[in-house]
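Welcome, and please get your viewer ready for a short tour. We will go from one selection to the next and look at what is there.

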Amino acid sequence: MNASVNTADLAPSEFPLTPRSMPRVLLSLIRNPLDALPPQIFEEPFVFTRMAGKLRVYLADPELIYQTLVRNSDALGKGEDVRRLLGPALGDGILTSDGAHWKWQRQSVAGAFRHEKLVELQPAMIAAAERRRDLWLTHKGSSLDLCQEMMRTTFDIIVETMMSGGDGIDVDKVERNITNYLKPTGWKFALGLLGAPDWMPYPGKEKAKAAVTFLRATLAKVIAERRRSGIERSDLVSMLLSAADPETDRMMNDEEIINNLMTFITAGHETTALGLAWTLHLLARHPDCQARLFDEIVRVTDGGPLLAVHVGKLTYARQVFSESMRLYPPAPVISRMAVREFTLGAYTIPVGTILYVPIYAVHRHAALWEDPLVFDPERFEPEAAKNRHRFAFMPFGAGPRVCIGNGFAMMEAVAILAVLLQKFRVTGASEPSPKPVMKVTLRPMHPLPINLIAR
């Protein structure tokens, strides 16, 4: 189809539309948005549907994903779904904004994620992992909740590395409020599909609202204390305080700084923590992989403590974490809205189309992966990875809006795994893996218990 069209004028026959039941989709969105994905997207390259008067396109073919997120990135905006879901907490920050406002915010924090800066942060990552390991040494033989343990570990790292200690943030209270905010997101998805107004009540709404108030007030105190002290530190807070738009020299106001700190604190620790929790769960189910990883750690560290210089040499650890993120991508769906018409394969995508890249489905797609449900870190050996389309594996997204913290997350995950598995074997995953549930991020439906055995 070559003619320019508008969504309102589009005849259903012009796209191979897959019929969907609105009541069934709404119920799935409320319970678990992963179940609302069209089942065909796990086997087909794309799926076109029309719901609530809008054309919706699901993409699983890596080349079509590349054409969309990279070649036509300027035709895409974040869209109403993202605004409704994340706007109350993250405002118009780097994750939710578009255009020039997004660009200058991203430029202002890019320095914090340069490789040489990340290398400087490795000792802090290792120290946080060692504190968690030492706490685990007091729990030998007892069962632990992996998600909770990893959330606290990665939050500790974010606070130390990005906020220079965080000026007394109540970690437990922050964790509870992040969970309270994310818990009712299925209702937000469903009401968004219906086009319901923002004031519409739903279960958990007031708790989520209170959570946002608490989290943003907490960060406002951090900023106020930093301004009061006048101390210059080499961290994200100082970088945001001094950030200026290169075209206008405008500085960020406190609300904009809070927007971006909220983004890095919530997205920056939650995703890595969940990736690590699923990884340790999978290692408990695959003792052969765990043994191979332990052998690599011993070989690289020569049996001594993990040092910053060792992290980059732990190649099998990276493979293990990558394979875990393939099966359980922490951010399982990308959504965009077409703000201008563009060509995608044989189709012209009209303005207003909602596009989804269901990373969860791409990573488990029958045409892209052999035995896609099997945990196999060897998929990520260099030769195997080299022969795979770049967009068959995208746990951090893709294109200009690829996660700015992807290098930080990989480095952090490898360091934590190495420190913990030097001292412990993890066991206790004999029950079937709990169903993953999308609450913006990919959480297990039930806790991931684990038993520790000292090496």
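Begin with the enclosed spaces of this predicted model: four cavities of 30 Å³ or more are counted. The stop to make here is the second largest cavity, with a volume of about 50 Å³.

To see its walls, select F155, I169, V174, I178, L215, T218, L219, M262, I265 and T266, which line the second largest cavity. Now colour by helix: α7 (171–182), α9 (205–229) and α11 (254–285) are the elements that each give two or more residues to this lining. What is the split of the lining into nonpolar, polar and charged residues? Eight are nonpolar, two are polar and none is charged. If you show side chains, T218 and T266 are among the lining residues to click on.

Next, leave the cavity and turn to the backbone. As background for this part of the tour, most residues other than glycine have a negative phi.

Select D302, in the loop between α12 (287–301) and α13 (308–311). Its phi is positive, about 55°, although D302 is not a glycine. Is D302 buried or exposed? D302 counts as exposed because its relative accessibility is 71%, and the cut-off for exposed is over 50%.

For the last stop, move along the chain to D371. You will find D371 in the loop between α15 (359–362) and α16 (382–386). What is the phi of D371 near? The value is near 45°, again positive in a residue other than glycine. Put labels on D302 and D371 to keep both of these positive phi values in view.

Technical notes: Residues numbered from 1 in each chain as written. Predicted model: local features only at pLDDT ≥ 70, side-chain atom pairs only at ≥ 80, totals over all residues. Heavy atoms only, no water. 1 Å grid on protein atoms, 1.4 Å probe; cavity = no way out; pocket = protein on both sides within 12 Å on 5 of 7 lines; lining within 4 Å. Points joined across faces, edges and corners; volume = space filled by probe spheres on them. Helix = DSSP H or I, 4+ residues; strand = E, 2+ residues; numbered from the N terminus. Nonpolar A, V, L, I, M, F, W, Y, C, P; charged D, E, K, R; others polar. Buried < 20%, exposed > 50% of the residue type's maximum accessible area, 1.4 Å probe, protein only.
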